[in-house]
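Colleague: I'm new to this one and would like a close look at a single part. Could you take me through the salt bridges, and then follow wherever they lead?

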Amino acid sequence: MAHRAIEDTVHTDLADKVTYSKYLHIDELLACQHTRSSPSHHDELLFIIQHQTSELWMKLVIHEMKAAVGHIREDQLDSSFKILSRVKHIQSQLLNQWDVLATLTPSEYTQFRDVLGTGSGFQSVQYRLVEFLMGNKDRRMIEVHRHDPAAVKALEETIEMPSIYDEFIAHLHRRGLTIPDDVLNRDTATVHQSHPAVLEALKAVYQHPEKYWDTYELAEKLVDIEEQFAHWRFRHMKVVERIIGYKMGTGGSSGVDFLRKMIDHRFFPELWEVRTHL
């Protein structure tokens with residue numbers, strides 16, 4: 001059997017030193033999984049960790065996307081490219097996590113589902129922040145969080161700020177493409193509706209990629225993250241269908257039917273429409 005000796009330079013006296021565990025607060029992190037079933041059901045830990053890790057990844061998506069919005073606002077598109085590529089890979093992690101939860105069978109889930117009470121992923125503040133940053137803004141969604149002032153503050157601040165697509169459209173204008181004032185000055189706390197002028201501007205970008213190369217590249221990176229989001233939504237819906245069928249969701253929604261309604265939503269409508277018109 002191969003034996004690996006500890007190298008002389010490896011730190012072993014770690015008293016009062018910054019360690020892996022201290023830096024990452026591992027003890028606190030691993031103490032956050034509290035099952036509610038009694039006796040504790042084996043598969044409840046899977047359900048908790050699945051959702052907690054999703055929230056950690058979404059925290060990073062929010063962090064990265066806010067930075068990308070700032071770079072686009074300053075027309076520093078090169079700086080946004082790596083960030084959006086990273087977001088796409090984070091989304092892949094979120095997507096692949098559904099494969100783990102899909103190992104939970106209906107028989108297993110029903111044994112602890114009741115301990116969720118009215119808890120539901122629909123109530124995820126960070127998921128809603130991601131949607132707002134991408135432009136799917138709906139003030140009605142904030143009402144779910146009225147019991148949490150900090151959540152309401154974060155959501156209201158984000159719904160008021162221009163989305164990543166609003167900043168992209170403003171960039172098109174600064175590149176000399178024709179974007180009407182009613183689009184540039186619209187209420188960014190609402191959902192952007194497809195506009196013929198934005199479609200025409202994107203046609204110019206896609207027909208002359210050598211002239212608008214950085215804008216063209218940004219457009220495709222936005223398509224990447226929307227496509228990944230659509231994959232995530234579809235996989236979410238199918239995993240829910242696989243585990244609970246067509247039962248009502250714990251948060252009071254219709255469950256699968258509710259999730260299905262959002263699968264075809266477009267965050268960046270003209271970026272999809274332009275493909276038909278080229």
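Modeller: Let's begin with Glu157 and Lys153, whose side chains meet in a salt bridge with 2.7 Å from N to O. This is a predicted model, so take that distance as a computed one. Both residues sit in helix H7 (residues 149-160), and because they are four residues apart there, about one helical turn separates them. Glu157 is partly exposed, since its relative accessibility is 46%.

Now compare that with Asp166 and Arg186. Their side chains also meet in a salt bridge, at 2.8 Å from N to O. Asp166 belongs to helix H8, while Arg186 is in the loop between helix H9 (181-184) and helix H10 (196-207), so this pair ties together parts that are 20 residues apart in sequence. Is the pair buried or exposed? Asp166 is buried, and Arg186 is buried too.

Another bridge has a partner in helix H8: Arg174 pairs with Asp75, and their closest N and O atoms are 2.9 Å apart. Arg174 lies in helix H8 (residues 164-174) and Asp75 in the loop between helix H3 (44-73) and helix H4 (77-101), so here the parts tied together are 99 residues apart in sequence. Arg174 counts as partly exposed because its relative accessibility is 38%. Asp75, with a relative accessible area of 34%, is partly exposed as well.

There are 18 salt bridges in the count. Some join up: Arg128, Glu131 and Arg233 are linked in a network.

Following Asp166 and Arg186 takes us to a cavity. The structure holds two cavities of 30 Å³ or more, and the largest has a volume of about 60 Å³. Asp166 and Arg186 are both in the lining of that largest cavity, which also includes Met134, Gly135, Ser163, Tyr165 and His192. What classes of residue make up this lining? It divides into four nonpolar, four polar and three charged residues.

Arg233, from the network, leads to the other cavity: it is one of the residues lining the second largest, along with Glu226, Phe229, Ala230 and Ile263, among others. That cavity holds about 30 Å³ of space, and its lining has four nonpolar, one polar and three charged residues. His265, Arg266 and Phe267 appear in the lining of the largest cavity and again in that of the second largest.

For a change from charged pairs, look at the surface. Val18, Tyr20, Tyr23 and Leu24 make a nonpolar patch of about 530 Å². Tyr23 is in helix H1 (residues 20-24), and it counts as exposed because its relative accessibility is 63%.

Methods. Residues numbered from 1 in each chain as written. Predicted model: local features only at pLDDT ≥ 70, side-chain atom pairs only at ≥ 80, totals over all residues. Heavy atoms only, no water. Patch = residues over 30% accessible without salt bridge, like charges linked within 9 Å, V, L, I, M, F, W, Y side chains within 5 Å. Areas by Shrake-Rupley, 256 points an atom, 1.4 Å probe, with all protein chains shown as cover. Salt bridge = Lys/Arg side-chain N within 4 Å of Asp/Glu carboxyl O. Helix = DSSP H or I, 4+ residues; strand = E, 2+ residues; numbered from the N terminus. Buried < 20%, exposed > 50% of the residue type's maximum accessible area, 1.4 Å probe, protein only. 1 Å grid on protein atoms, 1.4 Å probe; cavity = no way out; pocket = protein on both sides within 12 Å on 5 of 7 lines; lining within 4 Å. Points joined across faces, edges and corners; volume = space filled by probe spheres on them. Nonpolar A, V, L, I, M, F, W, Y, C, P; charged D, E, K, R; others polar.
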